[in-house]
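Dear colleague,

I am handing over the structure we spoke about, and below it I have set out what was found, going through one chain, then the contact between chains, then the other chain. Please read the text with the structure open beside you.

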Amino acid sequence: MTPSSSFRPAVEGREAAGVARGLSGEPIDMVGMLAGAHHPGAGAVVLFSGEVRDNNRGRPVSFLEYEAYGPLAEKMIGEILAEAKSRWVLQTAVAQHRTGIVAVGDTAVVVITASAHRGEAYAANRYIIDRIKHEAPIWKCEHYADGTHEWGNNCNCHAVTGDVSKHIYESEG
Amino acid sequence: MKIHVYAGLKDYFEPEFEVEGEARNTDELKTLLVAINGKAEAMLSSCRFAVEEGFIDNAYKLKSHDTIVIIPPSSGG
């Protein structure tokens, strides 16, 4: 039997070119990102997809709109990925976040990590998405079925830490 | 100095505008902005500030030609 491998040496190239990380005004190519994330040294690949719910705090949601301070958001996502790679041994760490209008059920953000073992891949993935959600200058606006809208204000860590630059990382929906 | 605001702050200010008056640091800038629209005070207290794609704190000395980006708490994902 001929060994097969889905390893694509272009993974690092994709990262270097910024293709699979940062911001996108177009639908995220999650399948393409995953296809590029495989690595012969990685026994675990973890993919997180943040998707648009049809409700928020009991109110029907029609769609979400994401806005970003682009230059800084791109820079910070790159730094967060680099920091993750310095904390864990990762063969792959990529992330991409949508901007613009995202429909219910569509993907708003994808984070993929690959490592030798699942523990590192899971931990790094969680670290990356938590930091992106809390720190990167990206905002979502809930557009409700009744025609109203509301800008999200998910990160209220400063209420606990007393510092708008300090965050606590806990599970968020 | 030029101001850019994002997300919920756009409910209180134009996305881009200029402020008149002197603000030597971010605290003084907040005071100027609250004078423009007092309803923004609570949100401004939880915002970060950035100049030239880098965050600044109150120790940074604002310059008249600075373009200041005011960044509400993130809510991506």
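Which residue in β7(A) does Ser49(A) stand opposite? The partner is Val110(A), although please keep in mind, here and throughout, that this is a predicted model. The pair belongs to a longer match, since β2(A) and strand β7 (residues 107–115) of chain A are joined in the antiparallel sense over 8 bridges.

These two strands are part of an open sheet in chain A, in which 4 strands follow the order β1-β5-β7-β2 with mixed pairing. Because β1 (22–24) and β2 (44–51) of chain A each have a single partner strand, they stand at the edges, and one side of each is left without a neighbour in the sheet. From one strand to the next, the twist averages 20 degrees.

Two helices pack on this sheet. Helix α3 (residues 70–87) of chain A touches β1 and β5 (90–98) of chain A, and its direction makes about 160 degrees with that of β5(A). Helix α4 (residues 118–135) of chain A touches β2, β5 and β7 of chain A, with its direction at about 145 degrees to that of β7(A).

Helix α4(A) deserves some further description. It has 18 residues and reaches 25 Å from its first C-alpha to its last, which is close to the 26 Å expected at 1.5 Å a residue. Its buried residues include Ala121(A), Ala124(A), Ile128(A), Ile129(A) and Ile132(A), but also Glu120(A), Arg131(A), Lys133(A) and Glu135(A). What covers the buried residues of α4(A) includes β2, α3, β5 and β7 of chain A.

Turning to the contact between chains, 29 residues of chain A are in contact with 16 residues of chain B. On the side of chain A that touches chain B, at least two residues each are supplied by β4 (59–68), α3, β7, α4 and β8 (138–144) of chain A, and the largest share, 5 residues, comes from α4(A). By residue type, that side of chain A divides into 15 nonpolar, 9 polar and 5 charged residues.

As for chain B, there are 2 helices and 5 strands, and from the N terminus on its elements run β-β-α-α-β-β-β. The radius of gyration of chain B is 11 Å, close to the 11 Å that the globule rule gives for 77 residues, so chain B is as compact as a globular protein of that length. Its C-alpha trace spans about 35 × 25 × 20 Å along the principal axes, and buried residues make up 29% of the 77 residues in the chain. Among contacts in chain B between residues at least 6 apart in sequence, 54% join residues at least 24 apart.

Within chain B, strand β5 (residues 67–71) is mostly covered, with 4 of its 5 residues buried. Strand β1 (residues 2–5) of chain B runs parallel to β5(B), joined to it by 4 bridges, and here Lys2(B) stands opposite Thr67(B). Strand β3 (residues 48–51) of chain B also pairs with β5(B), in this case in the antiparallel sense over 4 bridges, with Phe49(B) standing opposite Ile70(B).

With best regards

Methods
Residues numbered from 1 in each chain as written. Chains lettered and ligands numbered in written order. Predicted model: local features only at pLDDT ≥ 70, side-chain atom pairs only at ≥ 80, totals over all residues. Pairing = 2+ DSSP bridges. Axes fitted to C-alpha atoms, helices over the stretch in contact; angles between N-to-C directions. Contact = placed C-beta atoms within 7 Å. Nonpolar A, V, L, I, M, F, W, Y, C, P; charged D, E, K, R; others polar. Buried ≥ 20, exposed ≤ 12 C-beta atoms within 10 Å, placed from the backbone. Expected span 1.5 Å × (residues − 1). Rg over C-alpha atoms; globule rule 2.2 N^0.38 Å.
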